[in-house]
Amino acid sequence: PVLDTEDAWVAVEGPVSIVELALEQKRIHYPLVEHQFVLCTILYAIMRFSLKSVKPLSLFDNKGKNAFFKDLTSIQLLPSGDMDPTVLSVRQQFLVKVVSAAVQALCSSQNANEVSEEELFPFEKGKNWPTLAVDLAQHLQICEDVVQRHYVCELYSYGMDHLGEE
């Protein structure tokens with residue numbers, strides 16, 4: 001981009017402006033940032049719902065694991081459309097666990113009168129974990145219908161039929 005400057009500023013001496021520094025930065029590889037975001041979301045879900053038996057890096061193939069340790073400005077080979085069926089199975093099991101834990105937390109927060117979940121986690125106000133799991137399914141190459149069906153089944157099993165019907 002062309003930056004127009006006034007004549008009075010041309011003769012000024014001093015450190016380089018933040019705009020010039022920003023323009024000199026290398027451009028990031030957005031799919032790599034998105035890949036990192038998926039990992040962060042997975043780690044946050046594991047922490048939030050205390051999922052014990054999940055190994056986050058097992059949800060990625062070798063290309064995906066190697067991409068985590070590269071510079072964000074480098075062009076990396078990310079996982080392609082062809083995935084190992086065992087990795088896909090582990091991913092699907094993880095998303096099912098997240099949905100089950102989210103419904104269980106929703107049910108327990110409605111039953112408990114002493115402290116609401118929003119008071120415990122104020123930064124999560126309005127966060128819909130089942131919807132987030134469906135969005136995550138798209139990134140992890142899992143059929144969204146499987147996650148949505150499991151969500152509805154969980155709602156019915158916890159007696160929240162009105163939400164399950166929606």
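1. Accessible area is computed by the Shrake-Rupley method with a 1.4 Å probe. By that method, the protein chain exposes about 11500 Å², and 56% of this area is supplied by carbon and sulfur atoms. The model is a predicted one.

2. On the overall fold: the secondary structure of the protein chain consists of 9 helices and 0 strands. Read along the sequence, the pattern is α-α-α-α-α-α-α-α-α. Of the 166 residues in the protein chain, 28% are buried. Among contacts with a separation of 6 or more, 72% are between residues 24 or more positions apart.

3. On the nonpolar core: the largest one has 30 residues. Ile42, Phe94 and Leu95 are the residues with the most contacts inside this core. Two or more residues are given to this core by each of H3, helix H5 (85-111), helix H7 (129-139) and helix H8 (144-157). H5 provides the largest share, 9 residues.

4. Phe94 deserves its own point. Leaving aside residues up to four places away in sequence, Phe94 touches Ile42, Ala45, Ile46, Leu51, Val54, Leu59 and Leu136. Three of these names, Ile42, Ala45 and Ile46, recur in the list of buried residues of H3.

5. On helix H3: this helix covers residues 30-49, which makes 20 residues. From the first C-alpha of H3 to the last, the distance is 29 Å, close to the 28 Å expected at 1.5 Å a residue. Which residues of H3 are buried? They are Leu32, His35, Val38, Leu39, Thr41, Ile42, Ala45, Ile46, Arg48 and Phe49.

6. On the residue that follows H3: Ser50 comes just after this helix and takes a positive phi of about 50 degrees. Ser50 is a residue other than glycine. Its place is the loop between H3 and helix H4 (62-67). Is Ser50 buried, exposed or partly exposed? Ser50 counts as partly exposed because its relative accessibility is 45%, and partly exposed covers the range between the buried limit of under 20% and the exposed limit of over 50%.

7. On a second positive phi: Gln141 has a value of about 60 degrees although it is not a glycine. Gln141 is found in the loop between H7 and H8. The relative accessibility of Gln141 is 35%, so this residue counts as partly exposed.

8. On His29: this residue lies in the loop between helix H2 (18-24) and H3. Why does His29 count as buried? The reason is its relative accessibility of 14%, since buried means under 20%. Not counting residues up to four places away in sequence, His29 touches Leu72, Thr73, Ser74, Ile75 and Gln76.

9. On the surface: Leu3, Ile18, Val19 and Leu23 make a nonpolar patch of about 390 Å². Leu3, one of these residues, lies in the segment before helix H1 (7-10). Leu3 has 45% relative accessibility and therefore counts as partly exposed.

Key. Residues numbered from 1 in each chain as written. Predicted model: local features only at pLDDT ≥ 70, side-chain atom pairs only at ≥ 80, totals over all residues. Heavy atoms only, no water. Helix = DSSP H or I, 4+ residues; strand = E, 2+ residues; numbered from the N terminus. Expected span 1.5 Å × (residues − 1). Buried < 20%, exposed > 50% of the residue type's maximum accessible area, 1.4 Å probe, protein only. Patch = residues over 30% accessible without salt bridge, like charges linked within 9 Å, V, L, I, M, F, W, Y side chains within 5 Å. Salt bridge = Lys/Arg side-chain N within 4 Å of Asp/Glu carboxyl O. Contact = heavy atoms within 4.5 Å. Core = buried A, V, L, I, M, F, W, Y, C linked by side-chain atoms within 4.5 Å.
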